[in-house]
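Hi,

Here is the structure I said I would pass on to you. Have a look at it first, and then read my notes below.

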Amino acid sequence: MREVMNRRQLTQLGVPEYALVEAVKAVSSAATTHGMRGADLKRQVKQVVESPGQFVDDVCFGAFAATLMEDQTLPPLQENVTYQTWGSDIDEGAHSQMREACKLPNASGAALMPDAHVGYGLPIGGVLATEGVVVPYAVGVDIACRMKLSVLDLPLDALESKFDVCCRALEKGTRFGVGSTHQKPQQHDVMDENWNITKVTRQSKDKAWQQLGTSGSGNHFVEFGLLTIREEDKTDEKFSLAPGEYVALLSHSGSRGPGAAVCSTYSNIARTKLPKKYEQLKYLAWLSLDSEEGQEYWEAMNLMGRYAAANHEVIHRLVSDLVGGEIVAGVENHHNFAWKETHDGREMIVHRKGATPAGEGVLGVIPGSMGTPGFVVRGKGNASSLDSASHGAGRCMSRKKANDTFRIQNTRQELKAQGVHILSAGSDEVPGVYKDIHEVMAAQSDLVDIVGQFDPKIVKMCGDGSRAED
């Protein structure tokens, strides 16, 4: 290659980045087959770039010409889609990912939440609106990862007077760790739905049965705490509580193995269909909702949403039964999902990867960490954020650095002195690896109102060293 023509020379002749591989093959073939060199070879390359249609049948330059021809039928990358950022403590890597996402040909809007940090494809805390397409990696691997808070009819002193019972309820009411399952499969109507909508959902049904009512690893948790309601919310009849304190159960998990399988399957399909022109966007590859694959993913994603909701419902049912309490109110929301919504009078697909829906009057839960409060919030419907808010405090430290820096044993003792009991967790989930939740909430005061504050008291997370599933 070096003695024929290098990539820099090809670029100077007008060959676009995405066509360089085919161009390299073409000039090598021409040099080998026809002995073309120097000015003759450069002139030929320029002719193909200028008039690719004349060379599609050429033995040496046909594939290169076809790649260039494909370019002429594709829409250009976006240059005018921008995004507003909430919060200032956001690394450049997250901004870089957000800028790339805004280039998608079908992108129509975006926003970056104050808990944002680098993700895979779209940053965690990224909100992306598209038209007519869905982006699997902008939804995320853990499809429909979500929060659920249940208020129990237990006396306020129950977390102390029934401490052992509460601990046992968390230990026995769910399972943590990669691949974790219940020994006895749980029951829920979601398993009576049609899991044959796609091959991957059909193949995942048995695993879904086994993992129903489990919590996984990473930042997933189930915990008891005290919920302080600041003002009664009249917008949701399921969560109309008088101001005061309540015992509550809070969980964070998603669609487990089945959701990961759906993401893997359709993100790979999207990448195989991605034109070479868009190679730089391979981790943001999309599927048209007019295509068979796009419809399959959309149906599978929504099934995973219902499965994730069922997962939490089973966890809360099991734990509340074990602790001897009745659920009297609750609020829940997805934060790894895509919704069909209308913005600026147009139907858009709004991807919220680690972002909470915050339309006007919409209730949601934004957690902090094992040692800091979470919040029940009411959305303000801010159009600039595409009706979104943060999904938590947001990491400020990698898991590797966290494990090198902290020891969960030390954190457990420190939090115990503050009245927070950690049953199990990893050093990569201690409070020090997260941003200050109070600063995050202050940065999005124009996105949500705080209805109540949840202070964790008894916390259960994965403590077996499993890789993170969040």
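Let's start with Ala-468, which sits in the segment that follows strand E17 (448-461). Keep in mind throughout that this is a predicted model. Is Ala-468 buried or exposed? Neither label fits: its relative accessible area is 30%, and buried would need under 20% and exposed over 50%, so Ala-468 counts as partly exposed. If you skip the neighbours within four places in sequence, Ala-468 is in contact with Ser-217, Gly-218 and Arg-399. Try finding His-220 as well: Ala-468 and His-220 are 248 residues apart in sequence, yet their C-alpha atoms are 8.8 Å apart in space.

Next, a pair of helices. Two packed helices are described by the angle between their axes and by the distance between those axes. For helix H9 (residues 199-211) and helix H10 (residues 256-273), the angle is about 160° and the axes are 7 Å apart. An angle over 145 degrees counts as roughly antiparallel, so that is how H9 and H10 run relative to each other. Their crossing is right-handed. Which residues of H9 and H10 meet? From H9 there are Val-200, Thr-201, Ser-204, Lys-207, Ala-208 and Gln-211, and from H10 there are Arg-256, Gly-257, Pro-258, Ala-261, Val-262, Thr-265 and Tyr-266. Sorted by type, the residues of this contact are six nonpolar, five polar and two charged.

Now for the strands. Strands of a sheet pair through backbone hydrogen bonds, either parallel or antiparallel. One open sheet here has five strands in the order E1-E2-E3-E11-E10, and its pairing is mixed. Strand E1 (83-85) and strand E10 (336-343) are the edges, each pairing on one side only. From one strand to the next, the twist averages 20°. E1 pairs with strand E2 (residues 107-120) in the parallel sense, over three bridges, and Gln-84 has Ala-111 in E2 as its bridge partner. Helix H5 (residues 92-101) packs on this sheet and touches E1, E2 and strand E3 (122-130). Over at E10 and strand E11 (346-353), helix H11 (residues 292-323) lies across both, at about 115° to E10.

One last strand to look at is E13 (residues 363-366). In a regular strand the side chains alternate between the two faces of the sheet. In E13, Leu-363 and Val-365 point one way, Gly-364 and Ile-366 point the other way, and all are buried. E13 pairs with strand E14 (residues 374-379) in the antiparallel sense over four bridges, with Val-365 opposite Val-376.

Cheers

How values were computed. Residues are numbered from 1 along each chain as its sequence is written. This is a predicted model: local features need pLDDT of at least 70, side-chain atom pairs count only at pLDDT 80 or more; totals for chains, interfaces and linings use all residues. Side-chain values use heavy atoms; hydrogens and water are left out. Axes are lines fitted to C-alpha atoms, for helices over the stretch in contact, and angles run from 0 to 180 degrees between N-to-C directions. Helices (H or I, at least four residues) and strands (E, at least two) are DSSP runs, numbered from the N terminus. Angles under 35 degrees count as roughly parallel, over 145 as roughly antiparallel, 65 to 115 as roughly perpendicular and the rest as oblique. A crossing is left-handed if the near helix is turned anticlockwise from the far one by less than a right angle, and right-handed if clockwise. Contact means heavy atoms within 4.5 Å. Ala, Val, Leu, Ile, Met, Phe, Trp, Tyr, Cys and Pro count as nonpolar, Asp, Glu, Lys and Arg as charged, and the others, Gly among them, as polar. Two strands pair if DSSP finds at least two bridges between them. Buried means under 20% relative accessible area, exposed over 50%, partly exposed in between (1.4 Å probe, protein chains only).
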